[in-house]
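User: I am new to this structure and would be grateful for a close look at a single helix and its surroundings. Please set out in one connected account where it lies and what it touches.

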Amino acid sequence: MNAACRHACGDVVPAADRPVPGACTEEEAAGPAEEGALTEAAPLAVEPQAHAHGDFPLGDAEFERLLALESGDDPEMETRELTKGVTVSKKKIEGTAIYLGKASGVVNAPASVIMRLLWDFEVRRKWDSYFVEQVVLEQHTGAQEYVYFTGKTPPLVSKRDFVQARALRVTPARDLFYSAYVSMEHPAMPPRKGFIRGHVFFSGFVVRKVSETECRVSMITHTDFKGMIPAWVINQMVSIVAVSWVENLRKAAAKFTPLLEHDWPRFPSA
């Protein structure tokens, strides 16, 4: 997001609130953070809860929807081929001005490796620079859990955070890995000072085996970053970010595949 766009969005730090050279920042003036507050210097320490949130919100219907969106058969999807073999699609969703977006491309790595790059927090934080903090709030059953993460934003744009339910499924043949995400509130992570909480209507990844060394990855996202960012800016960002995201995943696959080719014990419980 460029400076002109940030100004148009109005989602910037007011001039009066910007640090003055030689002066202390608001954080420094306030002194040490309150106990439990999030800082970029130290990871979050949240003990995962067990079955504290009742019924899990992601089931068969949500995964069927995810695969339907991945299939490309939806006539309402507007699709175009971008550079570097990445296909981007978008669809207007009733009730919101924010489009559902999809990006897909072939990656040279086994499907199991790619899903671990996407799902495993310990691995993902090593290659995906968007994520600042990631923590599991509650382990439900199998590969179902409630998670919290903060996302990196451009200078002068307010920080975003998200609380989500996420679930992972794997076919017995291990030729299809797919995960779904939706925003939820959770008592372990109430709204935090200094962050705007984004809302994920519905998102997910589908990783489909093409060969032993290749797979097709589809990322589906329908997210409102809230704050003062207009819907038209969010809709344009989907196409702009799609190519770089797939390229970063390809680079991560080339780097980490030799280390992750062994079977991941988490998958059998999915």
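Analyst: A residue is called buried when its relative accessible area is under 20%, exposed when that area is over 50%, and partly exposed in between. By this criterion, 44% of the 270 residues in the protein are buried. The model is a predicted one. The protein has six helices and 11 strands. Among contacts with a separation of 6 or more, 66% join residues 24 or more positions apart.

The part chosen for close inspection is helix 4, which spans residues 111-119. Eight of its nine residues are buried, so helix 4 is largely enclosed by the rest of the structure. These buried residues are Ala 111, Val 113, Ile 114, Met 115, Arg 116, Leu 117, Leu 118 and Trp 119.

One partner of this helix is helix 6, made up of residues 231-260. Two packed helices are described by the angle between their axes and the distance between the axes. For helix 4 and helix 6, the angle is about 110° and the axes are 9 Å apart. Helix 4 is therefore roughly perpendicular to helix 6. The crossing of the two helices is right-handed.

The residues that form this contact can be named on both sides. Helix 4 contributes Val 113, Ile 114, Arg 116, Leu 117 and Leu 118. From helix 6, they meet Trp 245, Leu 249, Ala 252, Ala 253, Phe 256, Thr 257 and Leu 260. Sorted by class, the contact contains 10 nonpolar residues, one polar residue and one charged residue.

The helix also takes part in a wider assembly of nonpolar side chains. The largest nonpolar core has 34 residues, and those touching the most other members are Ile 114, Leu 117, Leu 118, Val 207, Val 217 and Leu 249. Two or more residues of this core come from each of strand 4 (100-107), helix 4, strand 7 (159-170), strand 8 (176-183), strand 10 (199-211), strand 11 (214-224) and helix 6. Helix 6 supplies the largest share, nine residues. A second core, separate from this one, has 23 residues, including Met 77, Ile 93, Val 163 and Val 182.

Leu 118 illustrates how the surroundings of helix 4 are put together. With residues up to four places away in sequence not counted, Leu 118 touches Arg 124, Trp 127, Tyr 181, Phe 205, Val 207, Val 217, Trp 245 and Leu 249. Two of these contacts, Trp 245 and Leu 249, belong to the helix 6 side of the helix pair. Val 207, Val 217 and Leu 249 were named above among the residues of the largest core that touch the most other members.

Val 217 also leads to strand 4, through Ser 104. Ser 104 is found in strand 4 and, at 7% relative accessibility, counts as buried. Apart from neighbours within four places in sequence, Ser 104 is in contact with Gly 85, Val 86, Thr 87, Arg 216, Val 217 and Ser 218.

Two loop residues complete the account. Arg 174, in the loop between strand 7 and strand 8, is not a glycine, yet has a positive phi of about 55°. Its relative accessibility of 28% makes Arg 174 partly exposed. Lys 226 lies in the loop between strand 11 and helix 6. This residue, likewise other than glycine, has a positive phi near 60°. With a relative accessible area of 35%, Lys 226 is partly exposed.

Definitions and conventions: Residues are numbered from 1 along each chain as its sequence is written. This is a predicted model: local features need pLDDT of at least 70, side-chain atom pairs count only at pLDDT 80 or more; totals for chains, interfaces and linings use all residues. Side-chain values use heavy atoms; hydrogens and water are left out. Axes are lines fitted to C-alpha atoms, for helices over the stretch in contact, and angles run from 0 to 180 degrees between N-to-C directions. Helices (H or I, at least four residues) and strands (E, at least two) are DSSP runs, numbered from the N terminus. Angles under 35 degrees count as roughly parallel, over 145 as roughly antiparallel, 65 to 115 as roughly perpendicular and the rest as oblique. A crossing is left-handed if the near helix is turned anticlockwise from the far one by less than a right angle, and right-handed if clockwise. Contact means heavy atoms within 4.5 Å. Ala, Val, Leu, Ile, Met, Phe, Trp, Tyr, Cys and Pro count as nonpolar, Asp, Glu, Lys and Arg as charged, and the others, Gly among them, as polar. A nonpolar core is a set of buried Ala, Val, Leu, Ile, Met, Phe, Trp, Tyr and Cys residues joined through side-chain atoms within 4.5 Å. Buried means under 20% relative accessible area, exposed over 50%, partly exposed in between (1.4 Å probe, protein chains only).
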